[in-house]
Amino acid sequence: VVSAASSLVAVHNGIVANPEELWALAGKTTELPVLDTQALIAYYDFLTQNNNIQECYRLLYEKIEGSASLALLNPHDNRLSLSTNTGSLYYVMNKDKTSLFFASEILFLDEILDDLQVQRSSIKYLSPSHAILVNKDGMQNFNFTDKASYGDLQSAGELNGDLISNDYSAPVSKSEAKNLY
């Protein structure tokens, strides 16, 4: 789903049982969209108007009734985020740390390990109530229910280059990602 308001690109796996509430909280008065993801993203867009990204996730997941594993690509600040309230999210970087792959089940990443030239132990699990933020300045893992874990994205590690390339393949920049855990 692409948000009309912010050009945010969203991939959502799960079922949101209260899209009507999220739609209303976002201040929307038009007909509720068919996809629950559209209501979820409308509410997220609304939250970004007055909150930092960590607080947006906390407030978003506080209101979600149901399950959500979410990938958001924000082209305005060149940032990728992955989040989950279920823990059904895994990710891995290729050998030279130029691309990040994610899936809701580890078996999907198992199928591409040889192509990525990495071992299965390289696959990371994103715990329930956690998110990772990735931009050219670093990577950060935080628990969105615990404000003390928010930290400073700038000090989370160094990445070189942009997340979004000119060929639209959206590779993640190089990083050792040593500060994820």
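## Exercises: surface and core

Val-1 is partly exposed, with a relative accessible area of 34%. Keep in mind that this is a predicted model.

**Exercise 1.** Work out which class, buried, partly exposed or exposed, suits Val-1, and find its surface partners.

*Solution.* Step 1: buried means under 20% relative accessible area and exposed means over 50%. Step 2: the value for Val-1 is 34%, so Val-1 counts as partly exposed. Step 3: look along the chain, and you will find Val-1 in the segment before β1 (9-13). Step 4: together with Val-34 and Leu-35, Val-1 forms a nonpolar surface patch of about 290 Å² accessible area.

**Exercise 2.** Find out how α2 is covered, and by what.

*Solution.* Step 1: count the buried residues of α2; there are 10 out of 12, so the helix is mostly covered. Step 2: name some of them; Leu-40, Ile-41 and Tyr-44 are among them. Step 3: look for the cover, which includes β1, α1, α3 and β2.

**Exercise 3.** Describe the largest nonpolar core and what α2 gives to it.

*Solution.* Step 1: this core has 27 residues, and Leu-40, Tyr-44 and Tyr-57 are among those with the most contacts inside it. Step 2: α1, α2, α3, β2 and β7 each supply at least two of its residues. Step 3: α2 gives the most, with 7 residues. Step 4: follow Tyr-44; beyond its neighbours within four places in sequence, its contacts include Leu-8, Ile-53, Leu-60 and Leu-72. Step 5: now turn to a second, separate core, which has 12 residues, including Leu-82 and Tyr-91.

Terms used. Residues are numbered from 1 along each chain as its sequence is written. This is a predicted model: local features need pLDDT of at least 70, side-chain atom pairs count only at pLDDT 80 or more; totals for chains, interfaces and linings use all residues. Side-chain values use heavy atoms; hydrogens and water are left out. A nonpolar core is a set of buried Ala, Val, Leu, Ile, Met, Phe, Trp, Tyr and Cys residues joined through side-chain atoms within 4.5 Å. Buried means under 20% relative accessible area, exposed over 50%, partly exposed in between (1.4 Å probe, protein chains only). Helices (H or I, at least four residues) and strands (E, at least two) are DSSP runs, numbered from the N terminus. Contact means heavy atoms within 4.5 Å. Patches are made of residues with over 30% relative accessible area and no salt bridge: like charges are joined within 9 Å, nonpolar side chains (Val, Leu, Ile, Met, Phe, Trp, Tyr) within 5 Å. Accessible areas come from the Shrake-Rupley method with a 1.4 Å probe; for residues, only the protein chains shown count as cover. A salt bridge is a side-chain nitrogen of Lys or Arg within 4 Å of a carboxyl oxygen of Asp or Glu.
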